[in-house]
Amino acid sequence: MTDQETIAALVRRVGALEAEADIRRLQARYMFLCDTPCPEYGVRDDSHRIDLIMELYTEDAVWEGVGEYYDHQFGRAEGHAAVRRHFEAFWEQGKDPNLVLNAHYLTSEQIHVTGDRATGQWIHIQPWLFSDGTALLRSSRLDNAFRRANGAWKISRTRTENVFIAPLTKGLR
C-alpha cells in the first residue's frame, strides 16, 4: 500500500469513528431530552422540549412503535409535523396519573456507518414512576436510522419495539 493509500484509508476510518461518535451523542441527547423531568437547564416547558427534540430529526423522519404493545400505544408518524404531533400528544397536559419520573438507559450499542447514512441499534431500559405511586419498568429494542445533512447527523427514523413491560410493586421500590 502506498503512503497516499494508507493516508486515504486512515481518513476514511477516522471519518467513520467521528460519525459513530456524533450519532452516539445525537441518540443520547434525544434520550436525555425525553427524560422526565427534563434534566436540561433552561428548558422552559414541554413545548420548548419538543422544539429541541425536533431539531434532531430530518424533515422526512419516521417515528414508530412496533410490536404487540407499541403498535397500539405509539403507532407510526411520518414527516416532521406528524412526529411533532406524536410528541405533543405524549406530553399533553392533564394526564392522570401524571408521569413524574422516567429515565432512559441505553446498552448493547451497535452503530453502522455507510457514507452519509447510518443505522444504530440499542437495548433501552426505562423506569416510569407515576403520581399515584404506580411504577413500571420498560425495555425496548431501538433500530434507528440517521442521515448526514449539511454536515450534521440527524435522526431519520426512530423505531422502538417492546421487549417487556413489568409493573413494579411497592416492595421493589
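Which residue in β7 does G65 stand opposite? The residue is T160. This is a predicted model, and the report below walks through its strands, a helix, a core and some local details.

## Strand β1 and its partners

Strand β1 covers residues 57–66. Eight of its 10 residues are buried, so the strand is mostly covered, where buried means under 20% relative accessible area.

β1 pairs with β7 through six bridges, and these two strands run parallel. The G65 and T160 pair belongs here: T160 is in β7. β1 also pairs with strand β2, residues 76–78. That pairing is antiparallel and has three bridges. In β2, R76 stands opposite E64.

## One side of helix α4

Helix α4 spans residues 80–90. Among its residues, A82, V83, H86 and F87 are buried. They cover an arc of only 140° around the axis, so they sit on the same side of α4.

What covers these buried residues? The cover includes the helices α1 and α2 and the strands β1 and β2.

## The nonpolar core

The largest nonpolar core has 29 residues. Within this core, the residues with the most contacts are Y30, I53, Y57, F87 and F146. Seven elements each supply at least two residues: α1, α2, β1, α4, β5, β6 and β7. Of these, α1 gives the most, with seven residues.

F87 links two parts of this picture. F87 is one of the buried residues of α4, and F87 is also listed among the core residues with the most contacts. A general rule fits here. In soluble globular proteins, nonpolar side chains tend to be buried together.

## Cysteines without a bond

How many disulfides does the structure hold? It holds zero. Take C34 and C38. The sulfur of C34 is 8.7 Å from its closest cysteine sulfur, the one in C38. A disulfide needs the two sulfur atoms within 2.5 Å, so this pair is too far apart for a bond. Seen from the other side, C38 has its closest cysteine sulfur in C34, again at 8.7 Å.

C34 has a relative accessibility of 7%, so C34 counts as buried.

## Backbone details

The peptide bond from T36 to P37 is cis. Its omega is near -5°. P37 is found in the loop between α1 (3–34) and α2 (46–54).

Two residues have a positive phi although neither is a glycine: S108 and N150. For S108, phi is about 55°. S108 lies in strand β4, residues 105–114. N150 also has a phi of about 55°, but N150 lies in a loop, between β6 (135–149) and β7 (152–167).

Are these two residues buried or exposed? S108 is partly exposed, with a relative accessible area of 47%. N150 counts as exposed, at 87% relative accessibility.

## Around Q121

Q121 is found in strand β5. Its side chain makes a polar contact of 3.3 Å with the side chain of H112.

Which residues does Q121 touch, not counting those up to four places away in sequence? They are S108, E109, Q110, H112, L142 and D143. S108 thus appears again: the residue with the positive phi in β4 is one of those that Q121 touches.

How values were computed
Residues numbered from 1 in each chain as written. Predicted model: local features only at pLDDT ≥ 70, side-chain atom pairs only at ≥ 80, totals over all residues. Heavy atoms only, no water. Helix = DSSP H or I, 4+ residues; strand = E, 2+ residues; numbered from the N terminus. Buried < 20%, exposed > 50% of the residue type's maximum accessible area, 1.4 Å probe, protein only. Pairing = 2+ DSSP bridges. Arc of directions from axis to C-beta. Contact = heavy atoms within 4.5 Å. Core = buried A, V, L, I, M, F, W, Y, C linked by side-chain atoms within 4.5 Å. Polar contact = N/O pair within 3.5 Å; in protein donor to acceptor, adjacent residues only side chain to side chain.
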